[in-house]
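Thanks for coming. I have one model to go through, and I will keep to what can be computed from it. Please look at the sequence and the structure first.

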Amino acid sequence: MRRKVLDRIEFADGTHSLRLCENEHHHHHLACTKCHRVVELDFCLDPARIEAIGRQQSWSIAGHSITLFGLCNECRKQARALTPRP
Ligand SMILES: [Zn+2]
Ligand SMILES: [Zn+2]
Ligand SMILES: [Zn+2]
């Protein structure tokens with residue numbers, strides 16, 4: 001049975017959304033700043049770098065959350081359609 005995990009996605013504009021993730025493993029998100037669509041990234045971003053930061057700062061890092069922001073493919077299409085071509 002798959003366990004669903006409630007994840008909190010913080011958007012760059014200060015809003016957030018709670019999301020039930022199908023993915024029970026540690027993972028990250030891509031979030032669209034326009035339509036707030038969220039895409040699951042089924043892998044960890046640079047765990048070696050995160051460990052290195054912990055060592056540098058003499059912290060024991062217990063976890064992290066990384067969300068990448070941008071315009072999704074649909075919003076990019078829309079933005080392109082709205083931009084008048086010369
Ligand atoms: Zn997720
Ligand atoms: Zn979008
Ligand atoms: Zn990670």
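Which residue follows α1, and what is the sign of its phi? The residue is Ser58, and its phi is positive, near 55°.

Now the conventions. Residues are numbered from 1 along each chain as its sequence is written, and chains are lettered from A and ligands numbered from 1 in the order in which they are written. This is a predicted model, where local features need pLDDT of at least 70 and side-chain atom pairs count only at pLDDT 80 or more, while totals for chains, interfaces and linings use all residues.

On confidence: pLDDT is the predictor's confidence in each residue, from 0 to 100. The chain averages 86, and 94% of the residues score at least 70. The lowest mean, 78, falls in strand β1, residues 5-10, and the highest, 95, in helix α1, residues 47-57.

Next, the overall layout. Helices (H or I, at least four residues) and strands (E, at least two) are DSSP runs, numbered from the N terminus. The chain has 2 helices and 5 strands, in the sequence pattern β-β-β-β-α-β-α. Its radius of gyration, taken over C-alpha atoms, is 16 Å; the globule rule (2.2 Å times the number of residues to the power 0.38) gives 12 Å for 86 residues, so the chain is more spread out than a compact globule. Along the principal axes, the C-alpha atoms fill a box of roughly 55 × 40 × 25 Å.

Burial fits under one heading. A residue is buried if 20 or more other C-beta atoms, placed from the backbone, lie within 10 Å of its own. By that count, 1% of the 86 residues are buried. In α1, 0 of the 11 residues are buried. Strand β2, residues 16-21, also has 0 buried among its 6, so β2 lies largely in the open.

Now the pairing, where two strands pair if DSSP finds at least two bridges between them. β1 and β2 are antiparallel, over 6 bridges; Arg8 has Leu18 in β2 as its bridge partner. Their hairpin has 5 residues between the strands, and Gly14 there takes a positive phi near 95°.

The other sheet to mention is open, with 3 strands in the order β4-β3-β5 and mixed pairing. β4 (38-41) and β5 (67-70) are at the edges with a single partner strand each, so one side of each has no neighbour in the sheet. β3, residues 28-32, runs parallel to β5, joined by 4 bridges, and Leu30 stands opposite Leu68 in β5.

How values were computed
Buried ≥ 20, exposed ≤ 12 C-beta atoms within 10 Å, placed from the backbone.
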